[in-house]
Amino acid sequence: MNKPSFVYVTFIRASADKVWDALTVPEFTAKTWFGMRHETDWKPGSPWRLLFPDG
Amino acid sequence: MNKPKFVYVIYIASTPEKVWEALTSPDFTKQYFFGRTIEIEPQAGGSFILRMPDGRVDVKGNVVEWSPPRRLSVTWTVDWMPEMRDLPECLVTYDIAQAGESVRLTMTEAHQWDVPEGLLAGGRAGWPAILSSLKSVLETGKPLSLKMEPPKEMLEALQALKR
C-alpha cells in the first residue's frame with residue numbers, strides 16, 4: 001500500500017467498544033452510512049460490499 | 001498567505017447562528033477550547049485574544065473577516081511560548097455552511113512561510129480535539145473530557161529553530 005492520502009481524526013464521548021459496534025453493527029451503520037447496508041462477516045480476507053438502501 | 005497547511009471539516013447538528021456563537025463567545029469557548037476564553041472585537045481589524053484559565057494570553061491576533069454567521073478569519077500568534085511569539089503569524093479561518101439540516105464547519109490554518117512540519121503537529125493534534133468538543137457542546141450541552149500535552153515533534157521543532 002502507498003502511504004495514506006486521507007486521514008481524519010475525531011473525538012467521541014463513548015467507549016472503544018461502543019465505537020467498534022457503531023462501525024460494524026448493521027443497525028448502527030445504516031444510520032451513519034446514509035441508510036446503506038454493509039454485507040460482510042468482517043473476517044480478515046472476507047468480501048465486503050456496501051449496498052444502497054434499495055439493495 | 002500561502003495555501004492552507006491544515007484543513008479540518010466537521011458536521012454539527014446545529015444552526016449557523018449557534019455555531020457562530022460557539023466560536024465567538026467566551027462562555028462557549030471556555031467549555032471546549034481547553035478552558036480558553038475568547039476576547040474578540042466584532043469587526044475587521046479588531047483585536048483577538050484567547051486567554052488561559054490562569055489569565056495568561058495563549059493566542060493573540062486580529063480579526064481579518066467578521067461575517068456572521070458565515071465566515072470568521074483571524075490572524076494567529078501563539079503568545080504563551082516565547083519561542084513561538086516571534087514566528088510569522090498564521091491565518092485561521094472558520095467557514096460555516098448549511099448542510100441539509102446540519103452545519104458544515106471548516107477550519108483552515110494557512111501560513112505565510114515555509115513552516116516546519118514539526119510545528120504543525122500542535123494544530124494537527126489540537127484542532128480535532130477542540131472541534132470535536134465544540135460539536136459535543138452544541139449537540140449535547142456537554143464538552144468532551146480530554147487530556148492533551150503539546151506534541152513532542154512540535155517541541156523538538158521549536159528547539160531546532162533556536163539553534
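Leu134(B) counts as buried because 25 C-beta neighbours lie inside 10 Å of it, and the cut-off for that label is 20 or more. Please keep in mind as you read on that this is a predicted model. The residue is found in helix 4 of chain B. Leaving aside residues up to four places away in sequence, Leu134(B) touches Ala22(B) and Tyr32(B). The second of these contacts spans a long stretch of chain: Leu134(B) and Tyr32(B) are 102 residues apart in sequence, yet 5.4 Å apart in space, C-alpha to C-alpha.

That pair is a good way into chain B as a whole. Among contacts in this chain between residues at least 6 apart in sequence, 48% join residues at least 24 apart. Buried residues make up 27% of the 163 residues in chain B. The radius of gyration of chain B is 15 Å, which agrees with a compact globule, because a globule with 163 residues would have a value near 15 Å. Along its principal axes, the C-alpha trace of chain B spans about 50 × 35 × 30 Å.

What is chain B built from? Its secondary structure comes to five helices and seven strands. If you follow the sequence, these elements appear in the pattern β-α-α-β-β-β-β-α-β-β-α-α.

The seven strands of chain B form an open sheet with antiparallel pairing, in the order 1-7-6-5-4-3-2. At the edges sit strand 1 (4-12) and strand 2 (37-40) of chain B, each of which pairs on one side only. From one strand to the next, the twist averages 20°. As general background, strands of a sheet pair through backbone hydrogen bonds, either parallel or antiparallel.

Two of the pairings are worth a look. Strand 2 of chain B and strand 3 (residues 47-51) of chain B pair in the antiparallel sense over four bridges, and Ile38(B) stands opposite Leu50(B) in strand 3 of chain B. Strand 2 and strand 3 of chain B form a hairpin with six residues between them, and Gly45(B) in the turn has a positive phi of about 90°. Elsewhere in the sheet, strand 5 (residues 71-78) of chain B runs antiparallel to strand 6 (residues 90-99) of chain B, and six bridges join them. Here Val74(B) stands opposite Val92(B) in strand 6 of chain B.

Which strands does helix 1 (residues 16-24) of chain B touch as it packs on the sheet? The contacts are with strand 1, strand 2, strand 5, strand 6 and strand 7 (102-111) of chain B. The direction of helix 1 of chain B makes about 155° with that of strand 6 of chain B. Helix 4 (residues 117-140) of chain B, the home of Leu134(B), packs on the sheet too, touching strand 1 and strand 7 of chain B. Its direction makes about 15° with that of strand 1 of chain B.

Helix 4 of chain B also has a helical partner. Its axis and that of helix 5 (residues 152-162) of chain B come within 7 Å and cross at roughly 145°, and the crossing is left-handed. From helix 4 of chain B, the contact is made by Gly118(B), Leu119(B), Ala121(B) and Gly122(B), and from helix 5 of chain B by Glu153(B), Met154(B), Glu156(B) and Ala157(B). By class, this contact has four nonpolar, two polar and two charged residues.

Now for chain A. Its secondary structure comes to two helices and two strands, following the pattern α-α-β-β along the sequence. Buried residues make up 0% of the 55 residues in chain A. A compact globule of 55 residues would have a radius of gyration near 10 Å, but chain A has 13 Å. The C-alpha trace of chain A spans about 30 × 30 × 20 Å along its principal axes.

Val19(A) gives a local view of this chain. The residue lies in helix 1 (residues 16-24) of chain A and counts as partly exposed because it has 13 C-beta neighbours inside 10 Å. Not counting residues up to four places away in sequence, Val19(A) touches Ile12(A) and Ala14(A). Val19(A) and Trp42(A) are 23 residues apart in sequence and 15 Å apart in space, C-alpha to C-alpha.

Finally, how many residues does each chain bring to the contact between chain A and chain B? Chain A gives four residues and chain B gives seven residues. By class, the side of chain A that touches chain B has two nonpolar, one polar and one charged residues.

Note on methods
Residues are numbered from 1 along each chain as its sequence is written. Chains are lettered from A and ligands numbered from 1 in the order in which they are written. This is a predicted model: local features need pLDDT of at least 70, side-chain atom pairs count only at pLDDT 80 or more; totals for chains, interfaces and linings use all residues. Two residues are in contact if their C-beta atoms, placed from the backbone, lie within 7 Å. Ala, Val, Leu, Ile, Met, Phe, Trp, Tyr, Cys and Pro count as nonpolar, Asp, Glu, Lys and Arg as charged, and the others, Gly among them, as polar. The radius of gyration is taken over C-alpha atoms; the globule rule is 2.2 Å times the number of residues to the power 0.38. A residue is buried if 20 or more other C-beta atoms lie within 10 Å of its own, exposed if 12 or fewer, and partly exposed in between; C-beta atoms are placed from the backbone. Two strands pair if DSSP finds at least two bridges between them. Axes are lines fitted to C-alpha atoms, for helices over the stretch in contact, and angles run from 0 to 180 degrees between N-to-C directions. A crossing is left-handed if the near helix is turned anticlockwise from the far one by less than a right angle, and right-handed if clockwise.
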